[in-house]
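I opened my notebook for a friendly walk through this fold. Here is what I looked up, entry by entry.

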Amino acid sequence: MVRTMSGIQPTGNLHIGNYLGALVNFVELQQQYESFFCVVDLHALTQRPEAAVLQRAVREVAIGMLASGVDPDKATLFVQSHVPQHSELAWILTCLTPLGDLNRMTQFKDKSAQQPENINAGLFTYPILQTADIALYRAERVPVGEDQDQHLELARETLRRFNFVYGETFPDPQTVRSKAPRVIGLDGQAKMSKSKGNEIGLFETADETMLKLRGAKTDPARLRKSDKGTPEVCNIFSYHGYFTSAEQREEIAAGCRSAQLGCFDCKKMLAANMEAVKGPIRERAAVLRSDPARLDDILAAGADKARAAAEATMQLVRERVGLRRKD
Ligand code: SF4
């Protein structure tokens, strides 16, 4: 069965961008592919989080995945650091990756700008650990957002290099694009992210969401309710595309263009439609939080399955590179 692999970094609470861009996709992918989904806590170390904060964030991301519909009976859900083979393969691939390839990664420059006081080597070699994450499970389908295209191309080049040097070992990982590859934040400009402070939290209540939506950017040309709007240029209308029925969207678009519908009412409709999705997720998350032992069991079982698959790959890799004879 074809495998898919993806991870979510435990930095800050999950938001609507994570849900639409990744989690919805995971739930679909687990029906078609042998799926490995992990909380990438090793990647999070590049931001040097406090230990307790990181541990809490790891659990919250796992809870968010489960509450959104990732089914541990269908997919292998685990924490990256519980499978030490990730680090082992990352080192082997690091030794195969030309410095020039990493120098071209634009995300390193972006991330360095975001944390100028902590430009560590892990930020630079981050895409190699991502390559190891994929390669360890010999995944052929990788769900990524547009901002990860360059890293996935680097992964393909690195794995082709490995195959050329050591013999055919890894398949070529192909991109699987979600229906929401780039969800813009409430500022209407940058991709939704916790670090930009432009996010709508997945676990936020309806009131909290409405409070944020009230200040969100709309059609910049619509200064008064009496101004006719252009829904196509409005970020709020783009959110309706994910949460609102086609019929209601048509009504909203018509009301916006004719100035019959004000932005406040439009946002109220959006908040209600978002709540219809977020409310049940929030409730399932609360149930999961109330039973930490169950979450521990799910993650332990996932780590066992992931380690078995990872070790099978590593035995082959160690033999190929000359680190250990195959028994
Ligand atoms: S009515 Fe809705 S779609 Fe139109 S500008 Fe206001 S928020 Fe945007």
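**Entry 1: R307 and its partners**

I began with a polar contact: a polar atom of the R307 side chain lies 2.7 Å from the backbone oxygen of H82. A caution for my own margin: this is a predicted model. I then placed R307 in helix α13, which covers residues 292-321. Is R307 buried, partly exposed or exposed? I noted a relative accessible area of 30%, and since buried means under 20% and exposed over 50%, R307 counts as partly exposed.

Next I listed what R307 touches, leaving aside its neighbours within four places in sequence. The contacts are H82, V83, P84 and Q85. I also checked S87: its C-alpha is 12 Å from that of R307, with the two positions 220 residues apart in sequence.

**Entry 2: α4 against α13**

R307 led me on to a helix pair. Helix α4 takes in residues 85-94, and its axis is 10 Å from that of α13, at an angle of about 30°. Angles under 35 degrees count as roughly parallel, so I wrote down α4 and α13 as roughly parallel to each other. The crossing of α4 past α13 is left-handed.

Which residues make the contact? From α4 I listed Q85, E88, L89 and I92. From α13 I listed R307, A310, E311, M314, V317, R318 and V321. Sorted by class, the contact of α4 with α13 has six nonpolar residues, one polar and four charged. Q85 and R307 both appear in this list, and Q85 was also among the contacts I had noted for R307.

**Entry 3: α10 against α11**

I turned to another helix pair, α10 (residues 235-243) and α11 (residues 246-257). Their axes come within 9 Å and cross at roughly 165°. Because angles over 145 degrees count as roughly antiparallel, α10 is roughly antiparallel to α11. I recorded a right-handed crossing for α10 past α11.

On the α10 side, the contact residues are F237, H240 and G241. They meet R249, I252 and A253 in α11. By class, I have three nonpolar, two polar and one charged residues where α10 meets α11.

**Entry 4: α1 against α3**

One more pair went into the notebook: α1 (residues 16-32) and α3 (residues 51-68). I found that their axes come within 9 Å and cross at roughly 60°. How are α1 and α3 oriented to each other? They are oblique, and their crossing is right-handed.

The α1 residues in the contact are Y19, L23, F26 and V27, while α3 brings G64, M65 and S68. In the contact of α1 with α3 I noted five nonpolar residues, two polar and no charged.

**Entry 5: D187 in its loop**

I moved from helices to a loop. D187 sits between β5 (174-176) and α9 (206-214). With a relative accessible area of 26%, D187 is partly exposed. What does the side chain of D187 reach? I found the backbone nitrogen of Q189, at 3.0 Å.

Leaving aside its neighbours within four places in sequence, D187 is in contact with N198 and K217. I looked up the spacing for N198 as well: it is eleven residues from D187 along the chain, and their C-alpha atoms are 5.9 Å apart.

**Entry 6: Q130 in α7**

Q130 is in helix α7, residues 121-136. I read a relative accessible area of 17% for Q130, which is buried. Setting aside its neighbours within four places in sequence, I found Q130 in contact with H43, Q148 and H151.

**Entry 7: two positive phi angles**

Last, I checked backbone angles at two residues that are not glycines. R138 has a positive phi of about 45°. I placed R138 in the loop between α7 and β4 (141-143). R138 counts as partly exposed, at 31% relative accessibility.

A259 also has a positive phi, about 65°. Its loop runs between α11 and α12 (263-289). Is A259 buried or exposed? I have A259 down as buried, at 17% relative accessibility.

Note on methods:
Residues numbered from 1 in each chain as written. Predicted model: local features only at pLDDT ≥ 70, side-chain atom pairs only at ≥ 80, totals over all residues. Heavy atoms only, no water. Axes fitted to C-alpha atoms, helices over the stretch in contact; angles between N-to-C directions. Helix = DSSP H or I, 4+ residues; strand = E, 2+ residues; numbered from the N terminus. Parallel < 35°, antiparallel > 145°, perpendicular 65-115°, else oblique. Left-handed = near helix turned anticlockwise from the far one by under 90°. Contact = heavy atoms within 4.5 Å. Nonpolar A, V, L, I, M, F, W, Y, C, P; charged D, E, K, R; others polar. Buried < 20%, exposed > 50% of the residue type's maximum accessible area, 1.4 Å probe, protein only. Polar contact = N/O pair within 3.5 Å; in protein donor to acceptor, adjacent residues only side chain to side chain.
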